[in-house]
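Here is a short briefing to keep beside you while you turn the model around on your screen. It goes from the whole chain to its sheet, then to one helix and the cysteines.

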Amino acid sequence: MIKAIFFDFNGVIIDDETIQMKAYQEILSGHEVPVTEELYFGALGMDDKTFVRSMFANAKKPLSDPLLSEVLSAKTDLHRQMIEDELPLFPGVLTFLKAAAREFQLGLVSMANLVEVSYVFQRANLTPLFSIVITAEDASVCKPAPDCYLTGLRKLNEFRQRERSLPLLASECLAIEDSPPGIQSARAAGMRTLGVTNTVADEALRAAGADVVTK
């Protein structure tokens with residue numbers, strides 16, 4: 001029986017995968033580092049640091065730590081500018097989250113950075129709905145490794161312990177993801193998985209092992 005739902009962020013709650021790609025394309029073009037659609041969507045599941053390192057390596061360009069920090073900061077600033085006028089939440093997602101929170105404990109497990117997640121959570125008033133939030137800063141490796149979901153389960157059970165509730169098993173948790181690496185990550189952590197076809201085709205999500213795939 002499912003008792004908790006873990007949500008991915010980009011491509012599940014906020015419809016900004018294309019916005020993220022365009023922000024990277026604009027910032028990295030100034031460093032002569034191309035970001036094609038194929039490269040971007042082939043890197044789903046990576047955190048920002050891993051993605052930038054991958055793009056510089058693909059372009060055979062050197063990347064120092066100060067330059068990495070500069071690129072990441074510039075991309076976060078540009079991303080915020082691009083969503084400032086209108087927050088691109090998926091239609092109906094806010095209603096769904098509020099309804100789900102009445103029946104299940106909710107957690108966020110994302111490779112997005114905390115600054116971007118916090119900005120959207122504050123704008124959309126999502127914070128009260130979530131028991132725990134896991135971002136790139138909480139995981140040492142990216143999806144499809146299970147580490148982020150294992151951390152999410154551990155943090156959720158710590159939260160439940162403080163509330164004097166029994167801990168949950170991984171099999172009592174559902175992960176909602178939009179990418180194959182996300183599905184693989186949650187499955188490797190022992191969770192049930194639901195793939196939404198916001199970003200990739202249903203065939204790719206089924207091939208990754210999603211228990212259920214839906215629009």
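How many helices and strands does the secondary structure of the chain come to? There are 9 helices and 6 strands. Please keep in mind that this is a predicted model.

**The chain as a whole**
- The chain has a radius of gyration of 17 Å, which agrees with the value near 17 Å that a compact globule of 215 residues would have.
- Along the principal axes, the C-alpha atoms fill a box of roughly 50 × 35 × 30 Å.
- Half the story is inside: 50% of the 215 residues count as buried.
- Of the contacts between residues at least 6 apart in sequence, 64% join residues at least 24 apart.

**The sheet**
- The 6 strands make an open sheet with parallel pairing, and their order is β3-β2-β1-β4-β5-β6.
- β3 and β6 (212–214) are at the edges with a single partner strand each, so one side of each has no neighbour in the sheet.
- On average, neighbouring strands of this sheet are turned by 20 degrees against each other, direction ignored.
- If you would like a pair to look at, β1 and β2 run parallel and are joined by 4 bridges.
- Within that pair, Ile5 has Leu106 of β2 as its bridge partner.

**Helix α7 against the sheet**
- α7 packs on the sheet, where it touches β1, β2, β3 and β4, and its direction makes about 160 degrees with that of β3.
- This helix covers residues 147–162, and its 16 residues reach 23 Å from first C-alpha to last, close to the 22 Å expected at 1.5 Å a residue.
- Its buried residues include Cys148, Tyr149, Leu153, Leu156, Phe159 and Arg160.
- Among the elements that cover the buried residues of α7 are β1 (4–7), β2 (105–109), β4 (173–177) and α8 (180–188).
- After the helix comes Arg164, which has a positive phi, near 60 degrees.

**The cysteines**
- How many disulfides does a search of the whole structure find? The search finds 0.
- Cys142 is in no disulfide, and its nearest cysteine sulfur, that of Cys148, is 8.6 Å away.
- Is Cys142 buried or exposed? Cys142 is buried, because its relative accessible area of 15% falls under the 20% cut-off.
- Cys173 is in no disulfide either, with the sulfur of Cys148 as the nearest cysteine sulfur at 13 Å.
- Cys173 also counts as buried, at 0% relative accessibility.

Key:
Residues numbered from 1 in each chain as written. Predicted model: local features only at pLDDT ≥ 70, side-chain atom pairs only at ≥ 80, totals over all residues. Heavy atoms only, no water. Helix = DSSP H or I, 4+ residues; strand = E, 2+ residues; numbered from the N terminus. Expected span 1.5 Å × (residues − 1). Buried < 20%, exposed > 50% of the residue type's maximum accessible area, 1.4 Å probe, protein only. Contact = heavy atoms within 4.5 Å. Pairing = 2+ DSSP bridges. Axes fitted to C-alpha atoms, helices over the stretch in contact; angles between N-to-C directions. Disulfide = S-S within 2.5 Å. Rg over C-alpha atoms; globule rule 2.2 N^0.38 Å.
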